Amino acid sequence: MTDGLTNIMLVTDEGALIAAARSEEVDHTVSAVLASIYNEYKVAEQDADPNTPAVLQSIVFDCSAARVACTTFVFCAEETQVLLCVCGSPSTQYGALWSKVELLKNSLKCLEPILSHMAGLTAR
């Protein structure tokens, strides 16, 4: 991968790793942590204004060993979703992460029906 990117993953919002550009044992843990962080921000958003429906669709954050961008890739039944996460080194430019997220989200649209069919989900 280029631009300091280290991995690209499709992750359920429960933390299960569906696919990864680089699949190592640690990536299963990373996917669970990413989903947990994403969900914590969604809960915080709801707590901030309980009268407003949640609108969080993407998040970019820094960790000690990585810089990460996650976005909703496929909306599923019962308010679950599949996330597209792009990981980079701590020095990866935010623009490079976000550009890759947008590029992949558009390029991987063909997977939406497959993911929906496999998991009994519907794409939005």
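These notes cover the sheet, the helices packed on it and the largest pocket of a predicted model.

1. **Sheet order.** The sheet is open and built from 5 strands. Read across, their order is 2-1-5-4-3, with antiparallel pairing. Strand 2 (17-20) and strand 3 (58-62) are the edge strands, and each of them pairs on one side only. From one strand to the next, the twist averages 20 degrees.

2. **Strands 4 and 5.** Strand 4 covers residues 67-75 and strand 5 covers residues 81-88. The two pair in the antiparallel sense over 8 bridges. To find the register, start at Ala69: its bridge partner in strand 5 is Val86.

3. **Helix 1.** Residues 25-48 form helix 1, which packs on the sheet. Helix 1 touches strand 1 (5-12), strand 2, strand 3, strand 4 and strand 5. The direction of helix 1 makes about 65 degrees with that of strand 1.

4. **Helix 2.** Helix 2, residues 94-107, also packs on the sheet. Its contacts are with strand 1, strand 3, strand 4 and strand 5. The direction of helix 2 makes about 20 degrees with that of strand 4.

5. **Largest pocket.** The volume of the largest pocket is about 410 Å³. Its lining has 15 residues, and Lys42, Ala54, Phe75, Glu79 and Gln81 are the closest to the pocket centre.

6. **Pocket lining.** Which element gives the largest share of the lining of the largest pocket? Helix 1 does, with 4 residues. By type, the lining divides into 6 nonpolar, 5 polar and 4 charged residues.

How values were computed. Residues are numbered from 1 along each chain as its sequence is written. This is a predicted model: local features need pLDDT of at least 70, side-chain atom pairs count only at pLDDT 80 or more; totals for chains, interfaces and linings use all residues. Side-chain values use heavy atoms; hydrogens and water are left out. Two strands pair if DSSP finds at least two bridges between them. Axes are lines fitted to C-alpha atoms, for helices over the stretch in contact, and angles run from 0 to 180 degrees between N-to-C directions. Contact means heavy atoms within 4.5 Å. On a 1 Å grid over the protein atoms alone, a cavity is a set of points where a 1.4 Å probe fits but cannot get out, and a pocket is an open set with protein on both sides within 12 Å along at least five of seven lines; lining residues have an atom within 4 Å of a point. Grid points are joined across faces, edges and corners, and a volume is the space filled by probe spheres set on the points. Ala, Val, Leu, Ile, Met, Phe, Trp, Tyr, Cys and Pro count as nonpolar, Asp, Glu, Lys and Arg as charged, and the others, Gly among them, as polar.
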